[in-house]
Structures are given as structure tokens and as C-alpha cells.
Amino acid sequence: MTSTANTSTSSRRLPGAAVVALAATAALLAGCSSSSDKSGDPLGGGQAGGDSVVVGSNNFAESILLADIYGEALKAKGVKVSYKPNIGSRETTYGLLKNGSVTVLPEYNGALLAYLDKTAAPKTVAATTAAINAKLDSKLTLLDPAPAQDKDSVTVNAATAQKYHLTGKSSIADLKSVAKDLVMGASPEFQTRHQGLAGLTDVYGLDFKSFKALDAGGPLTQAALQKDTVQAADLFTTDPTISKEKFVVLQDTENLFGFENVQPLVYKSGLSQKGVEALNAVSAKLDTAALLDLDSQVQLDNKDPLDVAKAWLKSAGLD
């Protein structure tokens with residue numbers, strides 16, 4: 001997965017979701033109570049009747065969880081909600097939003113912008129939102145972005161963090177003096193792309209001992225970091241393995257990996273101002289640490305995403 005606007009693929013592959021087996025995802029969808037009142041056909045057309053808001057999700061675990069958070073936040077404000085879960089790729093969801101079959105969808109600003117304009121390379125979150133709105137269908141709009149991001153990272157294992165006194169507040173730049181002693185692990189393409197080794201050298205001055213080609217933030221990379229075969233790796237920032245194994249994600253202070261903020265995409269005429277305010281309130285409270293914890297509860301602890309969504313909304317004062 002790539003993160004910046006000019007290199008992202010249109011299909012958003014997320015850390016936790018990318019490694020969830022299809023069978024497990026099917027079981028999750030079949031068993032969770034959040035699906036009990038949802039449409040049996042995620043591709044079914046037709047706009048919602050009356051004041052009903054249709055909350056959609058793409059076909060990975062984090063999107064389904066975010067849709068439950070959005071839906072429950074809207075319900076808490078008296079908005080009637082129905083669901084179209086597990087829809088599929090952006091090519092499909094974007095069309096359903098344009099025709100009003102879906103009212104609200106969790107999106108990621110960098111990946112959405114790459115879908116709309118592959119040449120754009122904004123320097124701020126606000127500029128990313130502006131660039132997206134300039135390309136969006138006139139019937140659609142973005143609401144406020146959340147601080148929460150799901151993006152590429154340089155992550156070190158617990159032993160390396162302890163050895164070099166690295167914490168979640170440390171920067172990638174803090175590896176400059178020790179990178180010569182570390183093996184970096186990531187997908188093969190990471191070795192040559194700017195949002196990879198080339199950028200880590202040019203932007204942060206890092207010169208690693210060696211590079212080990214693995215997979216794109218998946219089980220090979222996770223296992224190599226766990227076993228200390230590599231000491232640093234490209235993991236995605238909401239990968240539940242990070243908290244489980246006490247890995248440390250280093251701050252990308254120079255924004256090498258771009259923006260991937262969670263942001264609601266909305267069919268404008270289908271959502272009231274009350275609904276807009278409810279979703280903006282969610283975005284104001286949802287940061288990456290919170291999203292990582294929520295993903296971990298669903299994907300590692302096998303909790304019902306609806307229960308996880310409700311508990312988080314209550315803890316955030318949004319129920």
C-alpha cells in the first residue's frame with residue numbers, strides 16, 4: 001500500500017484488514033449484531049426513504065467498524081440509520097454515493113484523492129480536503145477529517161526501542177545515528193520508491209545496515225519484526241500487532257508518507273445539519289491511538305464491532 005496522493009492505489013488496503021482471512025471476515029459479518037439490521041444486498045440500489053441515512057462500508061474490518069461508529073453516533077442524535085456493509089472497492093462505493101444509494105462512507109483522504117487525481121500532492125490535511133472537494137462529484141462532500149490515520153510507518157520492535165530509548169514520541173530522524181546497525185524490512189517496492197528507502201535517505205538521512213524484502217505490512221513483516229530478523233519495518237499505523245507486540249511507531253515529522261486521515265464522505269442532500277455535526281464530533285475525537293485500540297479489540301479480541309463502537313462513543317461522550 002502506498003500513502004501519498006500521487007502514488008496511492010484506488011483500493012485501500014489496511015493493516016489489520018489486509019491480513020484478515022476471508023473466512024474470518026465472513027464470520028465476523030455473519031455473527032456481529034451490527035449487521036442484523038443491515039441490507040442483505042450491499043449493492044442494492046435505491047435511495048433511502050424519508051429521513052433515513054444509509055451508512056456504507058468497504059469490505060475490510062476497519063471500514064466496517066468505522067461505519068458502526070458513524071451509524072451509532074447518528075442514531076444517538078435521533079437520525080434514522082440503515083446499513084450497506086462490506087460493499088467492496090472504491091469504484092463501487094463512489095458510484096453508490098453519487099446516486100444516493102449510500103449517504104455516508106468512511107474514507108481515507110490520501111487514497112480518495114489518488115482515486116480522483118493521481119497527480120495531486122498536497123502538503124497539508126486541509127489542502128488534501130480542498131483538493132478532493134475540487135474533484136468530487138457535485139452531489140458529494142467531505143466532512144471534517146479525523147486526526148486518526150492509517151498509513152505507512154517506520155516501526156521498531158520492543159527490543160530496539162528499549163536499546164535506543166525510542167518511544168511513540170520519537171521521530172524517524174532519531175534513527176539517523178543508529179540506522180547503520182539496523183535491518184529494515186518491507187515490501188520489495190519499498191526499497192526503490194520515494195515513500196520508502198529513497199525518501200528515508202533523502203529526507204531523514206537514514207542509511208540502514210541492509211534491507212530485507214518481505215510483504216506489504218503483512219504477516220511476513222510482522223513475524224520478522226517479532227523475531228528480530230529485522231529491527232525496523234514498514235507497518236501500517238492501525239495494525240493491531242503494534243499494540244500486541246509493543247512495537248513502537250516513530251513519528252513521521254517530515255510527512256514522508258503523506259496523509260491517510262479517516263474522513264466521512266457524504267451524499268450532501270441525504271444528511272441533515274444534525275447529522276453533519278454528529279459525524280464531525282466523531283472526527284474531532286478519533287485519533288490514531290484510539291483507532292488502533294478499537295481495531296485490536298475487533299481483530300485480536302474478536303469483539304463485536306457494534307459493541308466496540310458503542311463503548312467508544314460512550315467513552316468519548318458521543319452516545
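Buried means under 20% relative accessible area, exposed over 50%, and partly exposed in between. The exercises below apply these words to a predicted model.

**Exercise 1.** Find out how many residues of strand S3 (residues 104–108) are buried, and state which of them point one way and which the other.

*Solution.* Begin with the strand as a whole: S3 is mostly covered, since five of its five residues are buried. Next, recall that in a regular strand the side chains alternate between the two faces of the sheet. In S3, Val104, Pro106 and Tyr108 point one way, while Leu105 and Glu107 point the other way, and all are buried.

**Exercise 2.** Determine in which sense S3 and strand S10 pair, and which residue of S10 stands opposite proline 106.

*Solution.* S10 covers residues 262–267, and its pairing with S3 is antiparallel, running over five bridges. Within this pairing, the residue that stands opposite proline 106 is proline 264 of S10.

**Exercise 3.** Take the salt bridge between glutamate 189 and arginine 193, and decide for each partner whether it is buried, partly exposed or exposed.

*Solution.* The two side chains meet with a distance of 3.8 Å from N to O. Glutamate 189 has 36% relative accessibility, so it counts as partly exposed. Arginine 193 has a relative accessible area of 17%, and because buried means under 20%, arginine 193 is buried.

**Exercise 4.** Do the same for the salt bridge between aspartate 181 and lysine 180.

*Solution.* Here the closest N and O atoms are 4.0 Å apart. Aspartate 181, with a relative accessible area of 43%, is partly exposed, whereas lysine 180, at 54% relative accessibility, counts as exposed.

Notes. Residues numbered from 1 in each chain as written. Predicted model: local features only at pLDDT ≥ 70, side-chain atom pairs only at ≥ 80, totals over all residues. Heavy atoms only, no water. Buried < 20%, exposed > 50% of the residue type's maximum accessible area, 1.4 Å probe, protein only. Helix = DSSP H or I, 4+ residues; strand = E, 2+ residues; numbered from the N terminus. Pairing = 2+ DSSP bridges.
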